[in-house]
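Let's take a walk through this model together. Keep the sequence and the 3D view open as you read.

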Amino acid sequence: MTHMLLAGLALATAATMAAPTIEHTTRVDHHSGPVEVRYRGAVVVEHRQIGAVAPAGQSSTLRCAWTANMIVDRHAKRRRER
């Protein structure tokens with residue numbers, strides 16, 4: 001029983017995990033001049049346990065529910081012509 005409690009606490013503390021940031025830079029030609037655009041994306045995974053462990057010989061309702069989201073930040077900066 002103690003092991004189950006410790007495992008549950010460990011999972012609860014790691015409920016949200018973020019993957020490494022993904023970056024992409026490109027240039028967009030705009031009628032007012034070239035624009036440097038930088039995209040930064042991060043995948044955020046959230047998971048939690050639902051249900052309970054049943055005694056031996058009975059079906060358990062324990063399962064894991066998770067979602068993954070991609071968060072994208074775009075930064076555009078116009079290049080000044082000299």
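## A patch, a sheet and two salt bridges

Start on the outside: Ile22, Tyr39, Met70 and Val72 come together as a nonpolar patch on the surface, sharing about 370 Å² of accessible area. Keep in mind that this is a predicted model. Of the patch members, valine 72 is a handy one to follow inward along the chain. Valine 72 sits in strand 4, and setting aside residues up to four places away in sequence, it touches Tyr39, Arg40 and Gly41. So the patch has a contact within it, because contact here means heavy atoms within 4.5 Å and Tyr39 is on valine 72's list. Valine 72 and arginine 40 are 32 residues apart in sequence, yet their C-alpha atoms are 5.6 Å apart in space.

Now zoom out to the whole chain. There is 1 helix, along with 4 strands, and from the N terminus on the order reads α-β-β-β-β. Of the contacts with a separation of 6 or more, 51% are between residues 24 or more positions apart. As for the surface, the accessible area comes to about 7,200 Å², and carbon and sulfur atoms own 56% of that. Buried residues make up 10% of the 82 residues.

How do the strands pair up? Take strand 2 (residues 22-30) and strand 3 (residues 33-50): they run antiparallel to each other over 9 bridges. A hairpin of 2 residues takes the chain from strand 2 into strand 3. Along this pairing you can pick out aspartate 29, whose bridge partner in strand 3 is proline 34. Threonine 26 is another place to look, standing opposite valine 37 in strand 3.

Strand 3 also pairs with strand 4, again in the antiparallel sense, this time over 16 bridges. One rung to find by eye is glutamate 46, which has threonine 67 as its bridge partner in strand 4. Strand 4 itself covers residues 63-78, with arginine 63 in it. Arginine 63 touches Arg48, Gln49 and Ile50, not counting residues up to four places away in sequence. Alanine 52 is 11 residues from arginine 63 in sequence, and the two are 8.3 Å apart in space, C-alpha to C-alpha.

Valine 37 is worth a longer stop. This residue lies in strand 3, and outside its neighbours within four places in sequence it is in contact with His24, Thr25, Thr26, Val28, Arg74, His75 and Ala76. Is valine 37 buried or exposed? Its relative accessible area is 5%, so it counts as buried, the cut-off being under 20%. Arginine 78 is 41 residues away from valine 37 in sequence, with 8.6 Å between the two C-alpha atoms. While you are looking at strands, one general point helps when reading the side chains: in a regular strand they alternate between the two faces of the sheet.

Next, the charged pairs. How many salt bridges does the structure hold? There are 2 of them. In one, the side chains of arginine 40 and glutamate 23 meet, with 3.2 Å from N to O. This pair links distant parts of the chain, with arginine 40 in strand 3 and glutamate 23 in strand 2, 17 residues apart. Arginine 40 is partly exposed at a relative accessible area of 38%, and glutamate 23 is partly exposed too, at 47%. You have met arginine 40 already, as one of the residues that valine 72 touches.

The other salt bridge joins arginine 27 to aspartate 29, whose closest N and O atoms are 3.0 Å apart. Arginine 27 is partly exposed, with a relative accessible area of 47%. Aspartate 29, on the other hand, reaches 61% and so counts as exposed, the cut-off being over 50%. Aspartate 29 is also the residue whose bridge partner in strand 3 is proline 34.

Definitions and conventions. Residues are numbered from 1 along each chain as its sequence is written. This is a predicted model: local features need pLDDT of at least 70, side-chain atom pairs count only at pLDDT 80 or more; totals for chains, interfaces and linings use all residues. Side-chain values use heavy atoms; hydrogens and water are left out. Buried means under 20% relative accessible area, exposed over 50%, partly exposed in between (1.4 Å probe, protein chains only). Accessible areas come from the Shrake-Rupley method with a 1.4 Å probe; for residues, only the protein chains shown count as cover. Two strands pair if DSSP finds at least two bridges between them. Patches are made of residues with over 30% relative accessible area and no salt bridge: like charges are joined within 9 Å, nonpolar side chains (Val, Leu, Ile, Met, Phe, Trp, Tyr) within 5 Å. A salt bridge is a side-chain nitrogen of Lys or Arg within 4 Å of a carboxyl oxygen of Asp or Glu.
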